Amino acid sequence: LPAEDRQVLSAEMSLTGIAGQQYRRGGSLVGPAFLVYYSPAFLRTASATDAGGALRVLAEVYRQARAMWPASASSADQDKTVTIRIDQIKDRTAEAIAAGHAWGEVWLLCKRNELEAVVEMSPLEDIALGSFTSSEFYLSTRPLCLWMRQRDENGDSEYNDAPLFAELEMLKRESQQHLLRPSSATGTAFEQQKLSA
């Protein structure tokens, strides 16, 4: 399992959702905590053929959930638990989940309210052009990078001969950069860029 995924799983699964509570071995005093509903069922199914792939999927769900709900040290947020439902992937293998991208399907984490989000599959053509770089879309919906990667001899990630995956990754990076730019009285940097185009 890549170090970045191990770190995500370790950090997120050590949160208790109770303010001030911490395991003896450490962990952060931040919140909210995430309850990934159906994760035991998913791991049981997916681990039968690819345990590492199953854990990478789970790490990506946690990673995007944390991007949607940034970590906060306030007692109110430490005392909060957000439910992430993964009903649509719980009976699938990691390989089956990843294969969807080759057929033009994308997995999304969709925020339902302040305490709940769901993982859903959507045909790529149903997502409006530019959605991945729209700040409004990105605050309530996060694309999950669940396409399969292979490792080269140096251990670095490579895409499995699919330009689409590299393009999706590029769109994800661009959308994150747009959101990090400071906004002004005339709108976000992304909106200003669209107006000047």
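**Confidence, fold and internal cavity of the predicted model**

The mean pLDDT of the protein is 77, and 70% of the residues score at least 70. The structure described here is a predicted model, and the confidence assigned to it varies along the chain. Among the secondary-structure elements, strand β2 (residues 81-85) has the highest confidence, at 97, whereas helix α7 (residues 189-196) has the lowest, with a mean of 36. Two segments deserve separate mention. Over residues 155-164 the pLDDT stays under 50, and the model places 19 contacts beyond four places in sequence for this segment. Over residues 179-197 the pLDDT likewise stays under 50, with 14 contacts beyond four places in sequence.

Seven helices and seven strands were assigned in the protein. Read from the N terminus, the order of these elements is α-β-α-α-β-α-β-β-α-β-β-β-α-α. The chain thus listed opens with a helix and a strand and ends with two helices. With respect to contacts between residues at least 6 apart in sequence, 66% join residues at least 24 apart.

Solvent accessibility was computed for the whole protein. Of its 197 residues, 40% are buried. The exposed area amounts to about 11100 Å², of which carbon and sulfur atoms supply 51%.

Empty space within the model was examined next. Rolling a probe the size of a water molecule over the atoms reveals where such space remains. One cavity of 30 Å³ or more is present in the structure. The largest cavity encloses about 50 Å³ of space. Its lining comprises L15, T16, G17, I18, G20, Q21, S28, L29, V30 and Q78. Classified by residue type, the lining of the largest cavity consists of four nonpolar and six polar residues, with no charged residue. The lining includes residues from L15 to Q21 and from S28 to V30, together with Q78.

At the level of single residues, S122 was considered in its local setting. S122 is located in strand β4, which spans residues 116-123. Because its relative accessibility is 13%, under the 20% cut-off, S122 counts as buried. With residues up to four places away in sequence left aside, S122 touches G104, E105, V106, L108 and I127. Four of these partners, namely G104, E105, V106 and L108, precede S122 in the numbering, while I127 follows S122.

Methods: Residues numbered from 1 in each chain as written. Predicted model: local features only at pLDDT ≥ 70, side-chain atom pairs only at ≥ 80, totals over all residues. Heavy atoms only, no water. 1 Å grid on protein atoms, 1.4 Å probe; cavity = no way out; pocket = protein on both sides within 12 Å on 5 of 7 lines; lining within 4 Å. Points joined across faces, edges and corners; volume = space filled by probe spheres on them. Nonpolar A, V, L, I, M, F, W, Y, C, P; charged D, E, K, R; others polar. Helix = DSSP H or I, 4+ residues; strand = E, 2+ residues; numbered from the N terminus. Buried < 20%, exposed > 50% of the residue type's maximum accessible area, 1.4 Å probe, protein only. Contact = heavy atoms within 4.5 Å. Areas by Shrake-Rupley, 256 points an atom, 1.4 Å probe, with all protein chains shown as cover. pLDDT = per-residue confidence, 0-100.
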